[in-house]
Amino acid sequence: MSISVYIIAYNEAKKISDTINSVLWADEIIVADSASTDETARIAQDLGARVVQVPFHGFGHLRNQAIKSCTHEWIFSLDTDEQCTPDVRDEVLMILSGTPAHDAYLVPRRNYFMGRWIKHSGWYPNFRQPQLFRKGSMKYVESPVHEGYELLTAKPVGRLEHAIWQIPFRDFEEVVKKANRYSSLGVLKLADQRVSMATALLHGIWSFLKHYVAKRGFLDGWPGFVIAFGNFEGTFYRYAKRFEQQEMWALPKQAPLHRRSNSPSK
């Protein structure tokens with residue numbers, strides 16, 4: 001059976017080649033680009049991918065549109081911070097060479113951050129939506145961020161044995177950028193809630209403790225602390241931005257200032 005790979009992208013010129021190079025074994029590579037202003041589209045095309053432009057209306061919508069562009073029966077989904085591995089390639093091709101037991105499969109991810117593979121913090125193994133699936137067997141919930149999925153098959157979701165790589169942040173600048181972007185998108189999910197700054201602080205603290213203590217991020221050393229702190233920031237600012245939105249603070253304004261008529265002349 002033939003397989004399409006889809007990759008969603010926006011200004012990912014530094015990452016897109018590594019992702020595409022890891023799936024050159026696929027029969028088709030689709031890059032769903034949302035009007036990148038860097039070299040993402042050109043690099044993808046040079047590597048043989050077909051680039052389709054999809055206006056960004058949230059990650060769920062973007063993924064559903066990317067699926068529509070895939071022409072083969074089976075689809076493998078990768079993000080630009082993910083890379084397929086030889087073991088996963090071989091496992092996928094082995095599944096497709098026979099009669100797959102499932103119509104959709106979760107794929108474990110192994111995360112690399114601050115110069116090491118992360119073993120705790122809820123990052124190994126971690127999963128997102130099924131990344132290997134038969135076309136038509138699932139669709140994404142059209143949420144702005146952290147989108148869920150809906151199964152359209154009676155078969156349960158399977159799970160691959162081997163893990164792909166995820167490199168979620170190449171540097172601290174990306175940590176800050178991602179926390180800012182995701183907290184802004186996450187505000188849309190809080191649109192019907194009234195919150196306070198205390199709400200923001202409590203949710204932020206809970207998120208930190210969940211990753212650093214409950215998920216044993218402390219065993220990952222400083223990377224574990226930064227992961228937990230990044231989750232605190234993303235959560236805190238999601239609620240703080242919602243509070244800002246509901247309060248609609250007006251900025252102080254004053255009339256144009258001119259020199260007084262009785263002011264001393266130069």
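This report walks through a predicted model, from its overall make-up down to single residues.

## Ground rules

The model is predicted, so local features need pLDDT of at least 70 and side-chain atom pairs count only at pLDDT 80 or more, while totals for chains, interfaces and linings use all residues. Residues are numbered from 1 along each chain as its sequence is written, and side-chain values use heavy atoms, with hydrogens and water left out.

## The big picture

The protein has seven helices and 13 strands. Both are DSSP runs numbered from the N terminus: helices are H or I with at least four residues, strands are E with at least two. Along the principal axes, the C-alpha atoms fill a box of roughly 90 × 40 × 40 Å.

Of the 266 residues, 47% count as buried. Here buried means under 20% relative accessible area, exposed means over 50%, and partly exposed is in between (1.4 Å probe, protein chains only). Take the contacts (heavy atoms within 4.5 Å) between residues at least 6 apart in sequence: 73% of them join residues at least 24 apart.

## Helix α3, mostly tucked away

Helix α3 covers residues 59-69, and nine of its 11 residues are buried, so it is largely enclosed by the rest of the structure. The buried set is Phe59, Gly60, His61, Leu62, Arg63, Asn64, Ala66, Ile67 and Ser69.

Arginine 63, one of those buried residues, lies over the face of tyrosine 140, 5.6 Å from the ring centre. For a charge to sit over a ring, NZ of Lys or CZ of Arg must be within 6 Å of the ring centre and within 35 degrees of the ring normal. Arginine 181 does this too, over the face of phenylalanine 56 at 5.2 Å from the ring centre.

## How α7 packs

Helix α6 (residues 197-214) and helix α7 (residues 222-247) pack at an angle of about 160°, with axes 8 Å apart. Axes are lines fitted to C-alpha atoms, for helices over the stretch in contact, and angles run from 0 to 180 degrees between N-to-C directions. The two helices are therefore roughly antiparallel, a label for angles over 145 degrees (under 35 is roughly parallel, 65 to 115 roughly perpendicular, and the rest oblique). The crossing of α6 and α7 is right-handed: the near helix is turned clockwise from the far one by less than a right angle, whereas anticlockwise would make a crossing left-handed. Residues of α6 in this interface include Leu201, Ile205, Phe208 and Tyr212, and those of α7 include Phe225, Phe229, Phe232 and Phe236.

Helix α5 packs on α7 as well, at an angle of about 35° with axes 8 Å apart, and this crossing is also right-handed. Among the residues that meet here are Phe172 and Asn180 in α5, and Tyr237 and Arg238 in α7.

## Aromatic company

The whole structure holds 19 aromatic pairs. Rings of Phe, Tyr and Trp (its six-membered ring) pair if their centres lie within 6.5 Å; planes under 30 degrees apart are stacked, over 60 edge-to-face, and the rest tilted. Tryptophan 123 and phenylalanine 169 make a tilted pair, 6.3 Å centre to centre with 35° between the planes. Tryptophan 123 is in the loop between β8 (116-117) and β9 (132-134), and phenylalanine 169 in the loop between β13 (164-166) and α5 (172-186), so the pair ties together parts 46 residues apart in sequence. Both rings belong to buried residues: tryptophan 123 at 12% relative accessibility and phenylalanine 169 at 16%.

One aromatic cluster is made of Phe208, Tyr212, Phe218, Trp222, Phe225, Phe229, Phe232, Phe236 and Tyr237. Its member tyrosine 212 lies in α6 and is partly exposed, at 23% relative accessibility. Not counting residues up to four places away in sequence, tyrosine 212 touches Gly217, Phe218, Gly224, Phe225 and Ala228. Its C-alpha is 9.2 Å from that of glycine 122, although the two are 90 residues apart in sequence.

## Backbone oddities

Most residues other than glycine have a negative phi, and most peptide bonds are trans. A cis peptide bond joins tyrosine 124 and proline 125, with omega about -15°; proline 125 is in the loop between β8 and β9.

Serine 121 is in the loop between β8 and β9 too, with a positive phi near 65°, and it is buried at 1% relative accessible area. Methionine 248, in the segment after α7, has a positive phi near 50° but is exposed, at 67%.
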